[in-house]
Amino acid sequence: MPIVAGMTSIESRTITVFCGARPGSPAAAVAAERLGHAIGMGGHRLVYGAGGVGLMEVTARAAAAAGAVVTGVVPRFLYELDRVQQAVCTDLVVTDDMFERKRLMIDRADAFVALPGGFGTLDEVLEVIALAYLGQCPKPLALVDVDGHWDALCALFTDVHQRGFTRPGFDEYYQVTASPEAAVDFVTGVAARTSHDSAVTCLALAHSSGAD
Ligand SMILES: C/C(=C\CNc1ncnc2c1ncn2[C@@H]1O[C@H](COP(=O)(O)O)[C@@H](O)[C@H]1O)CO
């Protein structure tokens, strides 16, 4: 269960999407298409890794086709490689390196949705969860389930917890959703968390036992 109570909201949100630079399976591509469509039709803005490849491209094209403002955030070295493909972006931010790119994608977001992906996607998802765990990123994160893509990662999180390395509630910083539409509903419903909510989270952390 997420730590944040559900809050109905129809406001436009900036949703950062993490997803594969490769297409993965046909089912993953369908999920990417549906996610982009849901973001655009919901009146939300998309921030993503600016790649004109794989699930990134599918998501961005679908979001743009459904009316979303699409912001790509790309490190200079990838920009030089992939310049033409990034045309789908409504606006493009070029960063010095991958670290600055990830920070911008996180800072600009009201909420996060992850589709299946590889090391890059896993790194981005773990960054958000690790920050949230320390009270530094009180923004909702949905992991879209496609053929059990997140099952092994969630099992690893449980194993790590059972070995004593995370506190109870370790699984409150992300929500696996059955569909892309459910992911958008989830993150836009709770994206209106206020700074007061963050302060409560930090307070709870301060009172929790253990080194963290
Ligand atoms: C131009 C070439 C590849 C383009 N690769 C990427 N372009 C943009 N963003 C990328 C790229 N690779 C990783 N990212 C970021 O990580 C996530 C995807 O990585 P994964 O390993 O495929 O999961 C994605 O969210 C991006 O932010 C060479 O032809």
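Mentor: Let's start with one definition: two strands count as paired when DSSP finds at least two bridges between them. Keep in mind that we're looking at a predicted model.

Trainee: Okay, so how many bridges join strand β5 to β6?

Mentor: As a general idea, strands of a sheet pair through backbone hydrogen bonds, either parallel or antiparallel. Here, β5 (residues 111-114) and β6 run parallel, and three bridges join them. To put a finger on one spot, look at Phe-112, whose bridge partner in β6 is Leu-141.

Trainee: And which way do the residues of β6 point?

Mentor: They split into two groups. Leu-141 and Leu-143 point one way from β6 (residues 141-144), while Ala-142 and Val-144 point the other way, and all are buried. You can read β2 in a similar manner: Arg-45 and Val-47 go one way, Leu-46 and Tyr-48 the other, and all are buried.

Trainee: Let's zoom out to the whole sheet. What is the order of its strands?

Mentor: Read across the sheet, not along the chain. You get β4-β3-β2-β1-β5-β6-β7, an open sheet of seven strands with parallel pairing. At the edges sit β4 (91-95) and β7 (175-177), each pairing on one side only. From one strand to the next, the twist averages 25°.

Trainee: Can we walk through a few of those pairs? Where does Ile-15 stand?

Mentor: Ile-15 is opposite Leu-46 in β2. β1 and β2 pair in the parallel sense over three bridges. Over towards β4, strand β3 (residues 70-75) is joined to β4 by five bridges, again running parallel. Val-73 has Val-93 as its bridge partner in β4.

Trainee: Which strands does helix α2 touch?

Mentor: To read packing, ask what the helix touches and how its direction compares with a strand's. Helix α2 (residues 54-65) packs on the sheet and touches β1 (14-18), β2 (45-48) and β3, with its direction at about 160° to that of β2. Helix α4 (residues 98-107) packs on the sheet too, touching β1, β2, β3 and β4, and its direction makes about 155° with that of β3.

Trainee: How many helices are there in total?

Mentor: The protein has eight helices and seven strands.

Trainee: I'd like to check one helix. What should α1 span?

Mentor: Here's a handy sum: a helix rises 1.5 Å a residue, so the 16 residues of α1 (residues 26-41) should span 22 Å, and the end C-alpha atoms are indeed 22 Å apart, which agrees. Just after α1 comes Gly-43, with a positive phi near 80°.

Trainee: Is Gly-40 buried or exposed?

Mentor: You count C-beta atoms around the residue, and 20 or more within 10 Å makes it buried. Gly-40 counts as buried because it has 20 such neighbours inside 10 Å. Gly-40 lies in α1, where the buried residues also include Ala-28, Leu-35 and Ile-39. Setting aside residues up to four places away in sequence, Gly-40 touches Ala-63, Ala-65, Ala-66, Gly-67 and Ala-68. Its C-alpha atom is 9.9 Å from that of Ser-12, although 28 residues separate them along the chain.

Trainee: What about Ala-183? Why does it count as buried?

Mentor: Same sort of count: Ala-183 is buried because 31 C-beta neighbours fall inside 10 Å. Ala-183 is in helix α7 (residues 180-190). Beyond its neighbours within four places, Ala-183 is in contact with Leu-35, Val-113, Ala-142, Val-144 and Thr-177.

Trainee: Which members of the largest nonpolar core touch the most others?

Mentor: Of its 50 residues, those are Leu-35, Leu-46, Val-113, Leu-115 and Val-144. The largest share of this core comes from α1, with seven residues. Take Leu-46: leaving out neighbours within four places, its contacts include Ile-15, Val-17, Ile-39 and Ala-60. For the protein overall, buried residues make up 41% of the 212.

Trainee: Last one: which residues come nearest to the ligand?

Mentor: Among the 19 residues around the ligand, Gly-49, Gly-51, Gly-117, Gly-118 and Gly-120 come nearest. Both α3 (76-82) and α5 (119-133) supply at least two residues of that shell, and α5 gives the most, with four residues.

Notes:
Residues numbered from 1 in each chain as written. Predicted model: local features only at pLDDT ≥ 70, side-chain atom pairs only at ≥ 80, totals over all residues. Axes fitted to C-alpha atoms, helices over the stretch in contact; angles between N-to-C directions. Contact = placed C-beta atoms within 7 Å. Expected span 1.5 Å × (residues − 1). Buried ≥ 20, exposed ≤ 12 C-beta atoms within 10 Å, placed from the backbone. Core = buried A, V, L, I, M, F, W, Y, C linked by C-beta atoms within 7 Å. Near = placed C-beta within 6 Å.
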